Amino acid sequence: MYALVTGGSRGIGRAIALRLARMGYNVVINYQSNKEAAEDTLHMLRELGVEAEALRFDVSNREETVAALQTWQQEHEGEYIEVLVNNAGIRRDNLLVWMEPEDFDRVLQTNLMSFYNVTRPLLIPMIVHKYGRIVNVASLSGQKGLPGQCNYSAAKGGLIAATKALAQEVGKKNITVNAVAPGFVRTDMVEGLDEAALKKQIPLNRFGEADEIAALVAFLASKDAGYITGECIAINGGLYS
């Protein structure tokens, strides 16, 4: 059994990869630039007794992504990736009036277009095998919108909508498609934010932990979640529902 986690070398992605390994999955992690972090994650995964591989490609680059996934499939004849976690993402925050075009475009390409780039090549094997789990890591920003994140909110909102649409397309093939929408989680992605001020807005009075997001993703990737599809589950400490 194989699972792929994009952006899986650190943060939430690493936590998800480790959870899936504990479920017995051989884990493929995608990364773009941080080879050292990817190698550290591979070591952690292999210590859990599973096969672990790292694929270096830019999820926003369609040709590069498709080539990497096709090569993996050719090297693993008779196998397929049955769990896909679309986790890779970036932030380039600014008020829209000051936001440069490249910052808007890059965030949409990495956080939304990557859903198409990665998911489409992996769908046919899932359909053929009549089983698959797709979990998209969205965001609180995609549910309620956050100031300074018009680009990020647009991308994550689009990802939530795409989740609901794809779930209706492939449900009859026993493929579930769900999203999780984390709030503020203590990872590199929240660097620069005022945690002390922000946590006052959160009923649980703290930021979330990557392992908490990973636990929810792992459940949605499991057979126990077989009757859940087309959902976006908020996990934000009560900040928004």
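Accessible areas here come from the Shrake-Rupley method with a 1.4 Å probe, and for residues only the protein chains shown count as cover. On that basis the accessible surface of the protein chain comes to about 11600 Å², with 51% of it belonging to carbon and sulfur atoms.

This is a predicted model, in which local features need pLDDT of at least 70, side-chain atom pairs count only at pLDDT 80 or more, and totals for chains, interfaces and linings use all residues. Residues are numbered from 1 along each chain as its sequence is written, and side-chain values use heavy atoms, with hydrogens and water left out.

**Whole chain**

Start with the full cartoon, which shows 8 helices and 7 strands. Helices (H or I, at least four residues) and strands (E, at least two) are DSSP runs, numbered from the N terminus. Along the principal axes, the C-alpha atoms fill a box of roughly 50 × 40 × 35 Å. The radius of gyration is 17 Å, which agrees with the value near 18 Å for a compact globule of 241 residues. That radius is taken over C-alpha atoms, and the globule rule is 2.2 Å times the number of residues to the power 0.38.

Colour by accessibility next: buried residues make up 50% of the 241 residues. Buried means under 20% relative accessible area, exposed over 50%, and partly exposed in between (1.4 Å probe, protein chains only). Of the contacts (heavy atoms within 4.5 Å) between residues at least 6 apart in sequence, 71% join residues at least 24 apart.

**Strand S2**

Select residues 26-31, which form strand S2, and pick Asn30. Asn30 counts as buried because its relative accessibility is 2%. Where does the side chain of Asn30 reach at 3.5 Å? It reaches the backbone oxygen of Leu55. Leaving aside neighbours within four places in sequence, Asn30 is in contact with residues including Leu4, Gly7, Ser9, Leu55 and Val59.

Move to Tyr31, also in strand S2. Tyr31 has a relative accessible area of 10%, so it is buried. Not counting residues up to four places away in sequence, Tyr31 touches Ser9, Ala38, Ala54, Leu55, Arg56 and Phe57. For a longer measurement, draw a C-alpha to C-alpha line from Tyr31 to Asp224: the two are 193 residues apart in sequence and 29 Å apart in space.

**Helix H1**

Select residues 11-22, helix H1, and find Ala21. Ala21 is buried, with a relative accessible area of 4%. With residues up to four places away not counted, Ala21 touches Val27, Leu45, Leu48 and Val50. Glu53 is 32 residues from Ala21 along the chain, and their C-alpha atoms are separated by 12 Å.

**Two loops**

Go to the loop between helix H6 (150-170) and strand S6 (175-182) and select Asn174. Asn174 is partly exposed, at 37% relative accessibility. Most residues other than glycine have a negative phi. Asn174 has a positive phi of about 65° although it is not a glycine.

Then select the loop between helix H7 (195-198) and helix H8 (210-221), where Leu204 sits. Is Leu204 buried or exposed? Leu204 is exposed, with a relative accessible area of 55%. Leu204 and Leu239 are 35 residues apart in sequence, with 8.3 Å between their C-alpha atoms.

Asn205 is also in the loop between H7 and H8. Asn205 has a positive phi of about 60° and is not a glycine. At 45% relative accessibility, Asn205 counts as partly exposed.

Key:
Polar contact = N/O pair within 3.5 Å; in protein donor to acceptor, adjacent residues only side chain to side chain.
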